[in-house]
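Please open the model in your viewer and keep the sequence panel beside it, since each stop on this tour begins with something to select.

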Amino acid sequence: MKRLLVLIILSAVSLAAAESTSEPSPVWKWANFAILAVGLGYLMAKTLPAVFTSRSTEIHKGISESQQMKQDAERRSAEMDARLSALGADIERFRAQSAAEMQQEGDRIGRETAAQIKKIEQQAAGEIESVGKSVRRQLKEYAAELALGLAEERLRTRMDGATESALVDGFVRDLERQASQTGSKN
């Protein structure tokens with residue numbers, strides 16, 4: 001940059017010197033042109049390769065970055081494919097596990113239901129037995145009442161005054177005999 005500034009100053013000096021004369025000589029014109037051409041050539045040589053080099057460097061850098069991005073994308077894609085393939089196996093494992101758990105739960109519910117049914121059957125058998133005993137007792141009482149009623153009716157039909165007095169006399173004799181037997185034991 002400093003050299004460019006020096007060239008521009010030299011060019012300006014030569015132009016000023018050329019203008020001081022009324023008509024510049026062709027040597028000054030050619031010298032001025034040569035200075036200008038050398039300055040422009042120098043500037044072009046200095047800046048253009050840098051422009052082309054920096055652009056080339058940017059392109060190479062962009063290519064390497066895109067290759068890196070492509071490799072990252074391929075790696076992530078492979079990871080996703082692996083996850084997807086593992087996902088199918090995970091789903092199958094979860095299905096098998098849930099089927100096993102459902103089977104175990106069904107078996108447990110079946111066992112609990114069977115236990116409840118057995119308990120209810122035992123309670124029902126106990127209640128049936130209790131009701132049966134109660135009904136048998138009631139039937140016995142009813143049968144006894146009927147038998148007593150029938151016996152009483154038979155007795156009344158067969159009983160007349162003479163039979164009744166014979167029964168009472170027999171009962172009194174039995175009492176006297178028992179009293180005499182207990183008195184002799186004392």
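Begin by selecting Glu92, which is partly exposed, with a relative accessible area of 46%. Keep in mind throughout that this is a predicted model. Now add Arg95 to the selection: this residue is exposed, its relative accessible area being 52%. Which kind of contact does Glu92 form with Arg95? The two form a salt bridge, in which the closest N and O atoms are 3.1 Å apart. Side chains of opposite charge can pair in this way when their charged atoms come close. Glu92 and Arg95 are three residues apart in helix H2, and they are therefore separated by about one helical turn.

**The whole chain**

Next, zoom out and colour the protein chain by secondary structure, where you will find three helices and zero strands. Followed along the sequence, the chain gives the pattern α-α-α. Helix H2, where you have just been, covers residues 26-158. If you then show the surface, you are looking at about 16,200 Å² that the protein chain exposes, with carbon and sulfur atoms supplying 63% of this area. How many of the residues count as buried, as a percentage? Of the 186 residues in the protein chain, 4% do.

**Around Arg108**

Return to helix H2 and select Arg108 together with Glu105, two residues of this helix that lie three residues apart, about one turn of the helix. They form a salt bridge whose closest N and O atoms are 2.2 Å apart. Both partners are partly exposed, Arg108 with a relative accessible area of 31% and Glu105 with one of 35%.

Keep Arg108 selected and add Glu112, because these two residues, four residues apart in helix H2, are also separated by about one helical turn. The side chains of Glu112 and Arg108 meet in a salt bridge, at 2.4 Å from N to O. Glu112 counts as partly exposed, at 43% relative accessibility. For another group of charged side chains, select Asp72, Arg75 and Glu79, which are joined into one network by salt bridges that share partners. The count of salt bridges comes to nine, and those you have visited are among them.

**Rings**

Now look for aromatic side chains, of which the structure holds one pair. The rings belong to Trp30 and Phe33, and the pair is edge-to-face because the planes stand at 90°, beyond the 60 degrees that this label requires, while the ring centres are 6.0 Å apart. Both residues lie in helix H2, three residues apart, which is about one turn of the helix. Are these two residues buried or exposed? Trp30 is exposed, and Phe33 is exposed as well.

Then select Arg93 and Phe94, and turn the view until you look onto the ring of Phe94. Arg93 lies over the face of this ring, at 5.0 Å from the ring centre.

**A nonpolar patch**

For the last stop, select Leu84, Leu87 and Ile91 and show their surface. Together these residues make a nonpolar surface patch of about 270 Å². Leu84, one of the three, is found in helix H2, and this residue counts as exposed because its relative accessibility of 55% is over the 50% cut-off.

Note on methods
Residues are numbered from 1 along each chain as its sequence is written. This is a predicted model: local features need pLDDT of at least 70, side-chain atom pairs count only at pLDDT 80 or more; totals for chains, interfaces and linings use all residues. Side-chain values use heavy atoms; hydrogens and water are left out. Buried means under 20% relative accessible area, exposed over 50%, partly exposed in between (1.4 Å probe, protein chains only). Accessible areas come from the Shrake-Rupley method with a 1.4 Å probe; for residues, only the protein chains shown count as cover. Rings of Phe, Tyr and Trp (its six-membered ring) pair if their centres lie within 6.5 Å; planes under 30 degrees apart count as stacked, over 60 as edge-to-face and the rest as tilted. A charge sits over a ring if NZ of Lys or CZ of Arg is within 6 Å of the ring centre and within 35 degrees of the ring normal. A salt bridge is a side-chain nitrogen of Lys or Arg within 4 Å of a carboxyl oxygen of Asp or Glu. Patches are made of residues with over 30% relative accessible area and no salt bridge: like charges are joined within 9 Å, nonpolar side chains (Val, Leu, Ile, Met, Phe, Trp, Tyr) within 5 Å.
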